[in-house]
Amino acid sequence: MERTKTQSSLHTESSQGVIKNSRPHKDIKSGNKNRPQRKVEINVPYVANHNRGDNAIIHSAKSDGLPVLDRTFKLTPNTFFPETKVQSIIRDVLKKHLLNVDYQSDKCPALSKLISDEIKQRVKGLNLDRFKIIALVYLGANTSQSLNIGSRCVWNTQYDNFASSTFQGNSLFAVAAVYAVYFE
């Protein structure tokens, strides 16, 4: 059995942001081994020059303004989602913003955004590493009606979790939910 040697070399073009992989290509149709070989160039996008090591990838990502995550290869979180703490945060924020407020349909969109942003920032203050936090707030008029709210998520039941709380005043009600999804 006879082996043929082929060499692969990478050439970087920093102005275009691609790696050109050129290697000799053996003509498959022809059985003639003395025939000259063709060069095939494949354009592959890249993050950084791979000859400089892992630090080059991190520096290139920082210079491009991309977020840089540590390579820990962790599949489990350090701390789990503290459901009771988050529930108390939601309750406090809802009471703070809605205690003496009357329902006005034109002001509720801005108010619900303000409340959800504050809840999200306070939950992020718990330093839950690698969790994506989603905060939802529903406001409505309290006219003795019934309301059903449902949600479906695709997530890992071991690590992902949620917390919710409600508020009911004289003229309005609020339902707030915070979802924490672990980002591996």
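Asn127 is found in the loop between helix 3 and strand 4; helices (H or I, at least four residues) and strands (E, at least two) are DSSP runs, numbered from the N terminus. The model examined here is predicted, so local features need pLDDT of at least 70 and side-chain atom pairs count only at pLDDT 80 or more, while totals for chains, interfaces and linings use all residues. Residues are numbered from 1 along each chain as its sequence is written, and side-chain values use heavy atoms, with hydrogens and water left out.

Although Asn127 is not a glycine, its phi is positive, at about 55°. Most residues other than glycine have a negative phi. Asn127 is also exposed, with a relative accessible area of 58%; exposed means over 50%, buried under 20%, and partly exposed in between (1.4 Å probe, protein chains only). A second residue can be described in a similar way: Ser144, in the loop between strand 4 and strand 5, has a positive phi near 60°. Ser144 is exposed, with a relative accessible area of 75%.

Next comes the sheet. Its 3 strands form an open sheet in the order 4-6-5, with antiparallel pairing; two strands pair if DSSP finds at least two bridges between them. Strand 4 and strand 5 stand at the edges with a single partner strand each, so one side of each has no neighbour in the sheet. On average, neighbouring strands are turned by 10° against each other, direction ignored. Angles run from 0 to 180 degrees between N-to-C directions, and axes are lines fitted to C-alpha atoms, for helices over the stretch in contact.

Two helices pack on this sheet. Helix 2 touches strand 4, strand 5 and strand 6, and its direction makes about 30° with that of strand 5. Helix 3 touches strand 4 and strand 6, and its direction makes about 150° with that of strand 4. Within the sheet, strand 5 and strand 6 pair over 8 bridges and form a hairpin with 3 residues between them. In this pairing, Thr166 stands opposite Val175, and Asn161 stands opposite Ala180.

Finally, the largest nonpolar core has 27 residues, of which Leu98, Ile119 and Val178 touch the most other members. A nonpolar core is a set of buried Ala, Val, Leu, Ile, Met, Phe, Trp, Tyr and Cys residues joined through side-chain atoms within 4.5 Å. Beyond its neighbours within four places in sequence, Ile119 is in contact (heavy atoms within 4.5 Å) with Ile90, Val93, Ala135, Val137, Ala176 and Val178.
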